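Thank you all for coming; I would like to walk you through one protein chain this morning, going from its overall layout to its interior and then to its charged pairs. Please have the sequence and the model open as I speak.

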Amino acid sequence: MTREHEKAKETRTVNKLRTPNKKPLVAILMGSKSDWQTMEHAAKTLEELGVPHEVRVLSAHRTPDHLFEYASTAEERGLEVIIAAAGGAAHLAGVTAAKTILPVLGVPMESASLKGLDSLLSTVQMPGGIPVGTLAIGKPGAINAALFAAAILGTKHREFREAIRKYRATQAENVLNSSDLGRGSSASAKPAKS
Ligand code: RP5
């Protein structure tokens with residue numbers, strides 16, 4: 001393990017302890033608690049990066065008044081980015097974006113009937129005027145929404161730029177370490193020398 005890797009691990013541990021006491025900068029909204037098994041990956045990624053965040057279940061069609069209140073007061077409560085995840089006729093991100101000028105990142109949930117294509121199109125196809133930055137369907141989108149939120153915060157808060165740098169260094173190291181998988185078997189995963 002390199003020194004850089006060790007430092008990245010230490011930072012993650014400290015950040016995990018520190019985050020709950022800080023004022024949230026990012027909100028993770030989801031249309032239903034059934035979305036949590038996907039969106040917990042966004043929360044875990046924000047925790048790894050040390051980004052203070054809050055999680056709320058609010059639906060554009062089941063709790064529209066609560067969503068309006070939440071989104072329209074988000075800026076004055078100190079939030080800087082909102083991640084909104086929904087499935088099916090997924091209008092949560094679009095409605096949220098309509099009620100705040102904060103950047104809204106949409107994560108389409110993988111739906112049972114159409115595998116998330118419905119959620120993707122409902123989230124991504126915003127008419128010009130109210131943008132939603134839409135990520136991939138499901139878990140990759142949840143992780144990338146957190147990383148994107150941290151990158152947005154990083155333009156103002158230097159510590160999140162550094163956290164992303166360390167995250168990437170660790171990620172690259174994990175990929176390179178995967179080459180060890182073939183060690184010990186007859187089929188080596190190492191490239192042949194030319
Ligand atoms: C959407 O409907 C939610 O975001 C969820 O992805 C989907 C299904 O919700 P449940 O019926 O599981 O509550 O509003």
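By helices I mean DSSP runs of H or I with at least four residues, and by strands runs of E with at least two, numbered in both cases from the N terminus. On that basis the protein has seven helices and five strands, and, read along the sequence, these follow the pattern α-β-α-β-α-β-α-β-α-β-α-α. I should say at once that this is a predicted model, so please take every value I quote as computed from it.

Of the 194 residues in the protein, 42% are buried. Among contacts with a separation of 6 or more, 68% join residues that are 24 or more positions apart. On the outside, the protein exposes about 11100 Å², of which carbon and sulfur atoms supply 56%.

Let me turn to the interior. The largest nonpolar core has 28 residues, and those that touch the most other members are Val26, Ile28, Met39, Leu49, Val51 and Ile83. At least two residues of this core come from each of strand S1, helix H2, strand S3, strand S4, helix H6 and helix H7, with H6 giving the largest share, seven residues. Apart from this core lies another, of 18 residues, which includes Ala27 and Leu79. If we leave aside residues up to four places away in sequence, Ile28 touches, among others, Met39, Leu46, Val55 and Ile83, and also the charged residues Glu54 and Arg56.

Helix H2 deserves a moment of its own. The helix has 14 residues and reaches 19 Å from its first C-alpha to its last, close to the 20 Å expected at 1.5 Å a residue. Its buried residues include Met39, His41, Leu46 and Leu49, and the helix is followed by Gly50, whose phi is positive, near 75°. A positive phi, of about 60°, is also found at Lys115, although Lys115 is not a glycine; this residue sits in the loop between S4 and H5 and is exposed, at 56% relative accessible area.

In the same region of the sequence, Leu114, Leu117, Leu121 and Val124 make a nonpolar surface patch of about 350 Å². Leu117, which lies in helix H5, is partly exposed, with a relative accessible area of 46%.

That brings me to the charged pairs. Side chains of opposite charge can pair when their charged atoms come close. The structure holds five salt bridges, and I will take three of them.

Where do the partners Glu54 and Arg77 lie in the chain? Glu54 is in strand S2 and Arg77 in the loop between H3 and S3, 23 residues apart, and their side chains meet at 3.7 Å, N to O. Glu54 is buried, at 13% relative accessible area, whereas Arg77 is partly exposed, at 32%. Together with Arg56, these two form a network of salt bridges.

The second bridge joins Lys156 and Glu80 at 2.9 Å, N to O, and links the loop between H6 and H7 to the loop between H3 and S3, across 76 residues. Here Lys156 is exposed, at 58%, while Glu80 is buried, at 18%.

The third pairs Glu162 with Arg165 at 3.2 Å, N to O; both lie in helix H7, three residues apart, about one turn of the helix.

Key. Residues numbered from 1 in each chain as written. Predicted model: local features only at pLDDT ≥ 70, side-chain atom pairs only at ≥ 80, totals over all residues. Heavy atoms only, no water. Core = buried A, V, L, I, M, F, W, Y, C linked by side-chain atoms within 4.5 Å. Buried < 20%, exposed > 50% of the residue type's maximum accessible area, 1.4 Å probe, protein only. Contact = heavy atoms within 4.5 Å. Expected span 1.5 Å × (residues − 1). Areas by Shrake-Rupley, 256 points an atom, 1.4 Å probe, with all protein chains shown as cover. Patch = residues over 30% accessible without salt bridge, like charges linked within 9 Å, V, L, I, M, F, W, Y side chains within 5 Å. Salt bridge = Lys/Arg side-chain N within 4 Å of Asp/Glu carboxyl O.
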